[in-house]
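The exercises below are meant to be worked with the sequence and the coordinates open side by side. Each one sets a task and then gives a solution in steps.

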Amino acid sequence: KVMLSCGATNFHCVRAAPVDLQMQLALALAMGSLLYVAQQRTRGFVNSMLVPTFIIAGSVVFQTARLVLPADILASWSIALDSSSLFSLLPKLSLVDVGFSDVRLALSSALVTTATAALPNAVGKLLSCSALEQRFEADMDYNRELRANGISR
């Protein structure tokens with residue numbers, strides 16, 4: 001809906017869209033269908049590596065197409081970042097004088113950020129262990145599991 005300003009299931013809307021947008025939608029539909037079929041037919045490690053493989057393969061195909069095809073064909077296929085983007089801020093970060101930084105404030109902010117990331121992770125590990133314990137009717141040592149994941153000592 002973002003690309004077309006109407007639903008992608010509306011055939012007349014898709015047909016009225018520019019050709020390059022139709023190509024993008026067709027490619028997305030083909031890749032999504034192929035990924036769905038591949039995930040239905042595989043299990044285990046191969047299944048978990050399908051999405052990263054598709055992302056890497058899609059990136060390689062796109063970068064190869066950028067080298068081979070004229071620039072105007074793929075102009076609408078990439079995002080143009082303006083000068084106010086994050087990439088323009090990177091050189092300016094080297095000009096920051098950390099001598100005037102409040103180290104206590106930075107450390108307390110880092111501690112809060114770390115806690116908000118570590119606490120849900122620990123709870124998730126405990127819930128996973130609890131679910132496995134219930135599913136397989138086995139007793140698990142929660143301290144050992146948290147130690148193995150680097151959460152506890």
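## Exercise 1: the lining of the largest pocket

In this predicted model, α4 supplies nine residues to the lining of the largest pocket, which is the largest share of that lining.

**Task.** Describe the largest pocket by its volume, its lining residues and the elements that supply them.

**Solution.** Begin with the space itself: the largest pocket holds about 340 Å³. Next, collect the lining, which consists of 15 residues, with L27, M31, F54, G58 and S59 lying nearest the centre of the pocket. Then assign the lining to secondary structure: the elements that give two or more residues to it are α2 (19-41) and α4 (50-68). Finally, sort the lining by class, which yields twelve nonpolar residues, three polar ones and no charged ones.

## Exercise 2: the surroundings of W77

**Task.** Locate W77 in the chain, decide whether W77 is buried, partly exposed or exposed, and list its contacts beyond its neighbours within four places in sequence.

**Solution.** The first step places W77 in the loop between α4 and α5 (86-93). For the second step, take the relative accessible area of W77, which is 27%; since buried means under 20% and exposed means over 50%, W77 is partly exposed. In the third step, with neighbours within four places in sequence left aside, the contacts of W77 are D20, M23, Q24, L27 and F62. One of these, F62, can be followed further: F62 and W77 are separated by 15 residues in sequence, and their C-alpha atoms are 9.1 Å apart in space. Another, L27, links this exercise to the previous one, as L27 is among the residues that lie nearest the centre of the largest pocket.

## Exercise 3: helix α6 and the residue after it

**Task.** Check whether the end-to-end distance of α6 agrees or disagrees with its expected span, and then characterise the residue that follows α6.

**Solution.** Helix α6 covers residues 103-136, and at 1.5 Å a residue its 34 residues should span 50 Å. The end C-alpha atoms of α6 are 48 Å apart, so the distance agrees with the expectation. Along α6, the residues A122, C129 and E133 are buried, and what covers the buried residues of this helix includes α7 (142-148). The residue after α6 is E137, which is found in the loop between α6 and α7. Its phi is positive, about 50°, although E137 is not a glycine. To complete the description, the relative accessible area of E137 is 75%, and because exposed means over 50%, E137 is classed as exposed.

Terms used. Residues numbered from 1 in each chain as written. Predicted model: local features only at pLDDT ≥ 70, side-chain atom pairs only at ≥ 80, totals over all residues. Heavy atoms only, no water. Helix = DSSP H or I, 4+ residues; strand = E, 2+ residues; numbered from the N terminus. Expected span 1.5 Å × (residues − 1). Buried < 20%, exposed > 50% of the residue type's maximum accessible area, 1.4 Å probe, protein only. Contact = heavy atoms within 4.5 Å. 1 Å grid on protein atoms, 1.4 Å probe; cavity = no way out; pocket = protein on both sides within 12 Å on 5 of 7 lines; lining within 4 Å. Points joined across faces, edges and corners; volume = space filled by probe spheres on them. Nonpolar A, V, L, I, M, F, W, Y, C, P; charged D, E, K, R; others polar.
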